[in-house]
Amino acid sequence: MKWKKILIIGIFLLLFSIGLGDYLLTLNYNEIVLKPYQSTTISQAEVLANGPIRAQSIAGTLVEGTNTYSVISGPAVLINNNTKPISLVVIPNNLLLEIDYLLILISFGMILLSALLLFYNKVAKRR
């Protein structure tokens with residue numbers, strides 16, 4: 001019976017953390033439209049772009065992915081070298097978002113633990 005309680009708590013924690021994360025993202029969400037050959041400076045944020053842009057770190061750490069940019073420390077300049085506007089979604093790094101990610105991981109761990117306890121109670125205990 002313990003696995004059912006752990007499963008219920010894990011599911012409710014997962015739903016709560018997803019709702020909390022959605023609320024925190026709507027509070028911190030910022031959209032910037034870069035016109036052709038325009039630049040902007042971002043510090044400590046996650047940036048999603050709808051097209052290729054040039055990113056240059058000024059005095060910090062910048063991690064580039066495919067149309068995603070993580071400015072970890074210090075400012076970075078994002079430059080639109082295209083002939084059409086590009087929109088950027090900027091999500092500032094926030095301690096509450098990090099705590100929410102931790103809550104999501106804990107809830108997945110609880111759901112996995114309840115599945116292992118169910119397996120132990122149904123299969124392994126019978127042997």
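In this predicted model, Y37 sits in the loop that connects β1 (30–34) to β2 (39–49), and its relative accessibility of 59% places Y37 among the exposed residues, because exposed means over 50%. The backbone of Y37 deserves a look as well, since its phi is near 60 degrees, a positive value in a residue that is not glycine. Most residues other than glycine have a negative phi.

A second positive phi is found at Q44, where the angle is near 50 degrees, again in a residue other than glycine. Q44 belongs to strand β2, and with 42% relative accessibility Q44 is counted as partly exposed.

From the strands the path leads to the helices. Two packed helices are described by the angle between their axes and the distance between the axes. Helix α2 covers residues 95–122, and the axes of α1 and α2 come within 8 Å of each other, crossing at roughly 160 degrees. Because angles over 145 degrees count as roughly antiparallel, α1 is roughly antiparallel to α2. The crossing in which α1 passes α2 is left-handed.

Two residues of α1 can serve as landmarks. L7 lies in this helix and is partly exposed, with a relative accessible area of 26%; the C-alpha atoms of L7 and S107 are 9.0 Å apart in space, although the two residues are 100 residues apart in sequence. I11 is also placed in α1, which runs over residues 2–28, and I11 counts as partly exposed at 38% relative accessibility. Together with I8, F12 and L15, I11 makes a nonpolar surface patch of about 410 Å².

How values were computed. Residues numbered from 1 in each chain as written. Predicted model: local features only at pLDDT ≥ 70, side-chain atom pairs only at ≥ 80, totals over all residues. Heavy atoms only, no water. Patch = residues over 30% accessible without salt bridge, like charges linked within 9 Å, V, L, I, M, F, W, Y side chains within 5 Å. Areas by Shrake-Rupley, 256 points an atom, 1.4 Å probe, with all protein chains shown as cover. Salt bridge = Lys/Arg side-chain N within 4 Å of Asp/Glu carboxyl O. Helix = DSSP H or I, 4+ residues; strand = E, 2+ residues; numbered from the N terminus. Buried < 20%, exposed > 50% of the residue type's maximum accessible area, 1.4 Å probe, protein only. Axes fitted to C-alpha atoms, helices over the stretch in contact; angles between N-to-C directions. Parallel < 35°, antiparallel > 145°, perpendicular 65-115°, else oblique. Left-handed = near helix turned anticlockwise from the far one by under 90°.
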